[in-house]
Amino acid sequence: ADQVQTVEGVVASATQDSLGHWVVTLRDNAVWVQTDNNTLALRPRPDQRVVINRGAMGGFMMRVNNQPGIRVRRTR
């Protein structure tokens with residue numbers, strides 16, 4: 001089956017949950033939640049571009065504003 005390998009979007013908002021994981025909402029209302037414990041040097045801000053790539057085993061890696069990637073899953 002053909003699956004999307006890369007998704008590009010723009011940050012609408014970003015918050016951190018009780019575990020310190022990022023919850024990033026994109027302008028298209030998609031919500032992506034961080035699943036690893038990697039840190040971002042700079043917090044995601046509205047209007048920044050994100051690139052989400054499908055990784056091994058069906059997981060996803062999100063890069064915010066060209067920073068190193070964090071593992072994420074889509075919740076909405």
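Leaving aside its neighbours within four places in sequence, which residues is asparagine 53 in contact with? The answer is Gln5, Thr6, Gly59, Phe60 and Met61, where contact means heavy atoms within 4.5 Å. Asparagine 53 belongs to strand 4, and at 29% relative accessibility it counts as partly exposed. The cut-offs here are under 20% relative accessible area for buried, over 50% for exposed and partly exposed in between, with a 1.4 Å probe and protein chains only. The C-alpha atoms of asparagine 53 and asparagine 66 are separated by 13 Å, and these two residues lie 13 residues apart along the chain.

A word on the model before going on. This is a predicted model, in which local features need pLDDT of at least 70 and side-chain atom pairs count only at pLDDT 80 or more, while totals for chains, interfaces and linings use all residues. Residues are numbered from 1 along each chain as its sequence is written, and side-chain values use heavy atoms, with hydrogens and water left out.

**The barrel**

Six strands form a closed barrel in the order 1-2-3-6-5-4, with antiparallel pairing. From one strand to the next, the twist averages 45°; axes are lines fitted to C-alpha atoms, for helices over the stretch in contact, and angles run from 0 to 180 degrees between N-to-C directions. Strands (E, at least two residues) and helices (H or I, at least four residues) are DSSP runs, numbered from the N terminus. Two strands pair if DSSP finds at least two bridges between them.

Several of these pairings can be followed residue by residue. Strand 2 and strand 3 are antiparallel and share three bridges, with valine 24 having tryptophan 32 as its bridge partner in strand 3. The hairpin of these two strands has four residues between them, and asparagine 29 in that hairpin takes a positive phi near 75°. Strand 3 also runs antiparallel to strand 6, joined by three bridges, and here glutamine 34 stands opposite valine 72. Strand 5 and strand 6 pair over three bridges as well, in the antiparallel sense, and phenylalanine 60 stands opposite valine 72 of strand 6.

**The core**

Which residues touch the most other members of the largest nonpolar core? In this core of 15 residues, they are Val24, Leu26, Trp32, Val50, Ile52, Met62 and Val72. Strand 1 (6-16), strand 2 (22-26), strand 4 (49-54), strand 5 (60-64) and strand 6 (70-74) each supply at least two residues of the core. A nonpolar core is a set of buried Ala, Val, Leu, Ile, Met, Phe, Trp, Tyr and Cys residues joined through side-chain atoms within 4.5 Å. In soluble globular proteins, nonpolar side chains tend to be buried together. Not counting residues up to four places away in sequence, valine 50 touches Val7, Glu8, Gly9, Val10, Val11, Leu26, Met62, Arg63 and Val64.

In strand 3, Val31 and Val33 point one way while Trp32 and Gln34 point the other way, and all are buried. In a regular strand the side chains alternate between the two faces of the sheet.

**Two buried glutamines**

Glutamine 34, in strand 3, is buried because its relative accessible area is 3%. Its side chain makes a polar contact with the side chain of aspartate 36 at 2.8 Å. A polar contact is a pair of N or O atoms within 3.5 Å; within protein, one must be able to donate a hydrogen and the other to accept it, and residues adjacent in sequence count only if both atoms are side-chain atoms. The side chain of glutamine 34 also reaches the backbone oxygen of asparagine 38 at 2.7 Å.

Glutamine 48 sits in the loop between strand 3 (31-34) and strand 4, and is buried because its relative accessible area is 16%. A polar atom of its side chain lies 2.9 Å from the backbone nitrogen of arginine 45. Leaving aside neighbours within four places in sequence, the contacts of glutamine 48 include Gly9, Val10 and Asn65.

**Positive phi in two loops**

Most residues other than glycine have a negative phi, and most peptide bonds are trans. Here are two residues with a positive phi that are not glycine.

| Residue | Phi | Loop between | Relative accessible area |
|---|---|---|---|
| Aspartate 47 | about 80° | strand 3 and strand 4 | 53%, exposed |
| Asparagine 65 | about 55° | strand 5 and strand 6 | 41%, partly exposed |
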